[in-house]
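Hello,

Here is the structure I promised to pass on to you. Please have a look at it first, and then read my notes underneath.

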Amino acid sequence: MKYDIKITKVKDSKLSTVDFDNIPFGRTFSDHMFVADYIDGAWTNLEIVPFEHFQIHPASMVLHYGQAIFEGMKASKGIDGKPYFLRPEQHSQRLNASAQRMCMPEVPEDLFLQAINELVYLDKDWIPPAKGSALYLRPYMFANDEFIGVAPASVYKFIIFTGPVGPYYPKPVRLLVADQFVRAVKGGVGEAKTAGNYAASLLPAKQAQEQGYDQVLWMDAHEFKYIQEAGTMNIFFVIDGKVVTPATDGAILKGITRDTIIKVLRAKGYTVEERPLAIDEVIEAHKNGTLQECFGTGTAAVVAHVANFTHKGTTYELPAIEDRKIGALAKESIDGLRALTIEDEHGWIVEAKPQAMVQA
Ligand code: COI
């Protein structure tokens, strides 16, 4: 279905004020945003408007009970100069999985796709040209009833804004293995991309940073034994030539970059195991010299090498970055697919086109 999205363009673009060689993550916003309201059981007021502030009521339910979900995705420029997405429908599906868990309405996939296509095409000049840089898209939805009873809201806002970004982690990260705080528990909301998961991670991350680490390596909530995620990323280890990543078990975000990397590595002949992975197994592998690599993956980070991890006061150093073939291959594969310099065997790359350019 085609939606009627009203488009109001900015009078003066801010693009000329942006230094593409120096773009900190998450602080620069493009000219336009998509907005929609969910009222009386339907998405309405579908508009692309100049990026601007909006007002919400002090009793807006999201401010009290946290019904808020988001996605992180990227658009990039191919070597042909055109804008592209990588697996955009996966982000639509994950947003809707998060919506289900948080008792929120779904956004129809065709509306989501039409909105990101219109928006990115309109702001395509905001896509940074450098390899590894991209236009980050932040689709998000929140409860917006003016009511403070505890119940699922009936009114929601869905917004997508974008902004150019460079690499999220400029250097390899140092991880502190959690032994007190947990990020998520099976049966909870760890699999949903919901605001509260990130709020819960702030104090442990701050404490880790005060001790000189970059991020927390999250453990399972029952025994502090099985690895879950690293900071806001999924985590991969290479042990004795095999790639191992924790199986998603309800408490781990189903990363789209995680899934892409698993499929890319398997297609290249690597063994990738998705299974429970105990921190003791990783330490044992380090001790016997078979721990070869460790990297985090995420839309923002793409692939972030792990320099070391610290568990119960002992720091375990990983091999030199120059020797990390599989993490480097994973990163080059994603960057190359996005830039169109690597053949897209899976049909993942989709050109961003506004509705007017799509053949009926
Ligand atoms: C992403 O990788 O897009 C994320 O969601 C991480 C973000 C919270 C910075």
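Helices and strands here are DSSP runs, numbered from the N terminus, with at least four residues for a helix and at least two for a strand. Please keep in mind that this is a predicted model.

With that numbering, Ile 56 sits in the loop that links strand S3 (42–50) to helix H1 (62–65). Is Ile 56 buried or exposed? Neither label fits: its relative accessible area is 32%, so Ile 56 counts as partly exposed. Together with Phe 54 and Leu 63, Ile 56 makes up a nonpolar patch on the surface, and the three share about 250 Å² of accessible area.

Now to the interior. The largest nonpolar core contains 47 residues, and Phe 34, Trp 43 and Phe 158 have the most contacts inside it. Several elements contribute two or more residues to this core, among them strand S2 (32–39), S3, helix H2 (88–101), helix H3 (109–122) and strand S8 (156–165). There is also a second, separate core of 26 residues, which includes Tyr 169, Leu 175, Val 244 and Val 306.

Trp 43 is worth a look on your screen. What does Trp 43 touch, once its neighbours within four places in sequence are left aside? Its contacts include Ala 36, Asp 37 and Tyr 38, then Pro 105, Glu 106, Val 107, Pro 108 and Leu 111, and also Met 141, Tyr 156, Lys 157 and Phe 158.

Strand S5 (73–77) is another element that gives two or more residues to the largest core. Four of the five residues of S5 are buried, so this strand is largely enclosed by the rest of the structure. S5 has these pairings:

- With S7, S5 runs antiparallel and is joined by three bridges; Lys 74 has Tyr 136 of S7 as its bridge partner.
- With strand S6 (residues 83–86), S5 also runs antiparallel, again through three bridges; here Ser 76 stands opposite Tyr 84.

In the hairpin of S5 and S6, five residues lie between the strands, and Gly 81 takes a positive phi near 85 degrees.

One last residue to look up is Asp 335, in helix H7 (residues 325–339). Asp 335 has a relative accessible area of 9%, which means that this acidic side chain's residue is classed as buried, the cut-off being under 20%. Not counting residues up to four places away in sequence, Asp 335 touches Lys 131, Gly 132 and Val 302.

Best wishes

Technical notes:
Residues are numbered from 1 along each chain as its sequence is written. This is a predicted model: local features need pLDDT of at least 70, side-chain atom pairs count only at pLDDT 80 or more; totals for chains, interfaces and linings use all residues. Side-chain values use heavy atoms; hydrogens and water are left out. Patches are made of residues with over 30% relative accessible area and no salt bridge: like charges are joined within 9 Å, nonpolar side chains (Val, Leu, Ile, Met, Phe, Trp, Tyr) within 5 Å. Accessible areas come from the Shrake-Rupley method with a 1.4 Å probe; for residues, only the protein chains shown count as cover. A salt bridge is a side-chain nitrogen of Lys or Arg within 4 Å of a carboxyl oxygen of Asp or Glu. Buried means under 20% relative accessible area, exposed over 50%, partly exposed in between (1.4 Å probe, protein chains only). A nonpolar core is a set of buried Ala, Val, Leu, Ile, Met, Phe, Trp, Tyr and Cys residues joined through side-chain atoms within 4.5 Å. Contact means heavy atoms within 4.5 Å. Two strands pair if DSSP finds at least two bridges between them.
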